[in-house]
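Reader: I've got the model open and I'd like to know what sits behind the labels people put on it. Can you take me through a few, with the cut-offs?

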Amino acid sequence: MEFETRAIHEGQQPDPQTGAVIVPIYLTSTYQQDAIGQHKGYEYSRTGNPTRTALEEALASIENGKFGLAFASGLAATTTVLSLLKSGDHIVAGDDLYGGTYRLLERVVKNWGVNTTYVDIDHIADFETAIQPNTKLIWIETPTNPLLKIIDIAALTNIARKHNIILVVDNTFASPYFQRPLDLGADIVVHSTTKYLGGHSDIIGGAVVTSNEQLYTELKFYQNAIGAIPSPFDSWLVLRGIKTLAIRMREHEKNALFLAKFLEKHPKVERIYYPGLPSHEQHQLAQEQMSGFGGMISLELKGGFAEVERFASRLKLFLLAESLGGVESLLCYPAKMTHGSLPEAERLKRGIKDNLVRLSVGIENSLDLQTDLENALSSS
Ligand code: P1T
């Protein structure tokens, strides 16, 4: 079955009891047992809930994986994956990452005795150089947040396999519709389902998908032991979002490409980052490993922070807000918002400048969005 069909049907058979076409929201914390030690597959909703099971099966299917796990947030998914590590282990991570992931690595995971080395992702060979005898895991995002750089997943798979290291790809920005890292050899895929998978800016959620049974068994244990699970209602909303992921992603991309071409030529724009533009440094690689370029654009404005403030205050459709991947367009200022937890020197070293803004392009009419940007950038 093709992606669109699996997104609508996988794990979502009609309810056997009533015939309900849509998976019910099982608002129950616990389940009656037939006898001590005998139950119908569910004991307690932290361990498992049928609405969450439906979501987990759908997630696994659309990532071309065998096993899915759902979480209360993207960072809950990340924390659970990082629980695979023990004191003394080491992580190699790409240096362009969601600020919250950096904060987790530096201010929480470091306290567990697990250190991270950050690698300039423009040089893939540096990932191998950074590997130490105790390196257990490589963590990347691609496209990255917020600079929309592309990392060669297949090349990194070769490095990870050679050294027997787990490769984790945070696939939030591409969504499984445009990129499936497990097909390229990654061991684990992580998502903030808050974004494209949910798709409507109404939930916080996370996901992990793998085809490795041993990793799944460990992660399933940690999911239950740590307990950062989503509610049945949130699980249901993500499941509903997944049904329309394909058509939403096509619209996000169409609008983003249209606006990126417009912005690239605009005299107020100093630099634009969108993997779908031929001028993007890794456009060729993006074309090879993704089936589309997504809905995120970052740009540097001429005139520095004053111009950013003016631009943000004049936009009417693009709302100034954190997050991304919803049907509505958003504007984010990474230096003070999503990446505000990075020390300034670290942020600037990573290329997140004071004049950088990030757009999450929604699925409104593209001409309305263009007019909004044009008016906000105009001198009058
Ligand atoms: O917010 P949460 O659902 O916990 O997801 C964290 C997360 C993980 N990975 C990536 C690539 C992300 O972008 C995020 C969250 N990002 C934002 C809130 C943002 O505006 O970039």
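**Labels and what backs them**

Author: Start with helix α12: A306 and S313 are the exposed residues on its face turned away from the buried side. Keep in mind that this is a predicted model, in which local features need pLDDT of at least 70 and side-chain atom pairs count only at pLDDT 80 or more, while totals for chains, interfaces and linings use all residues. Residues are numbered from 1 along each chain as its sequence is written, and side-chain values use heavy atoms, with hydrogens and water left out.

Reader: What makes a stretch a helix or a strand here, and what makes a residue buried or exposed?

Author: Helices are DSSP runs of H or I with at least four residues, strands are runs of E with at least two, and both are numbered from the N terminus. Buried means under 20% relative accessible area, exposed means over 50%, and partly exposed is in between, using a 1.4 Å probe and protein chains only.

Reader: Which residues of α12 are buried, and why are they said to line one face?

Author: In α12 (residues 304-314), E307, V308 and F311 are buried. Seen down the helix axis, they fall within an arc of 105 degrees, so they line one face. The arc is taken from the directions that run from the helix axis to the C-beta atoms. An α-helix has 3.6 residues a turn, so residues three or four places apart point the same way. What covers the buried residues of α12 includes β9, β11, β12 and α14 (366-377).

Reader: What makes the sheet "open", and which strands are its edges?

Author: Five strands are lined up as β8-β9-β12-β11-β10, with mixed pairing. The edges are β8 (269-273) and β10 (319-320): each has a single partner strand, so one side of each is left without a neighbour in the sheet. Helix α10 (residues 245-265) packs on the sheet and touches β8, β9 and β12. The direction of α10 makes about 15 degrees with that of β9; such angles run from 0 to 180 degrees between N-to-C directions, with axes fitted to C-alpha atoms, for helices over the stretch in contact.

Reader: How do you know that β9 and β12 are a pair?

Author: Two strands pair if DSSP finds at least two bridges between them. Five bridges join β9 (residues 296-301) to β12 (residues 356-360), so the pair qualifies, and the two strands run antiparallel. M296 stands opposite S360 in β12.

Reader: Is Q289 buried or exposed, and what makes it so?

Author: Its relative accessibility is 10%, so Q289 counts as buried. Q289 belongs to helix α11 (residues 283-289). Leaving aside neighbours within four places in sequence, its contacts (heavy atoms within 4.5 Å) include T142, I150, D152, F178 and L184.

Reader: What makes the approach of Q289 to I151 a polar contact?

Author: A polar contact is a pair of N or O atoms within 3.5 Å; within protein, one must be able to donate a hydrogen and the other to accept it, and residues adjacent in sequence count only if both atoms are side-chain atoms. The side chain of Q289 reaches the backbone oxygen of I151 at 2.6 Å, so the distance fits. At the start of α6, a side-chain oxygen of D152 also comes to within 3.3 Å of the backbone nitrogen of A154.

Reader: Which residues of α6 are buried, and where do they sit around the axis?

Author: In α6 (residues 153-162), the buried ones are I153, L156, T157, I159 and A160. They cover an arc of only 165 degrees around the axis, which puts them on the same side of α6. N158, R161 and K162 are exposed on the other side. The buried residues pack against α5 (125-129), β4 (135-141), β5 (166-170) and α11.

Reader: Why is S323 called partly exposed?

Author: S323 has 23% relative accessibility, so it counts as partly exposed. S323 lies in the loop between β10 and β11 (330-332), and has a positive phi of about 85 degrees although it is not a glycine.

Reader: Which residues are closest to the ligand, and how many surround it?

Author: 19 residues surround the ligand, and the closest are D170, T194, K195, S323 and R358. A residue is near a molecule if one of its heavy atoms lies within 4 Å of it, and the definition is the same for a strand. A side-chain N or O atom of R358 is 2.8 Å from a ligand oxygen, and a polar side-chain atom of K195 lies 3.2 Å from a ligand nitrogen.
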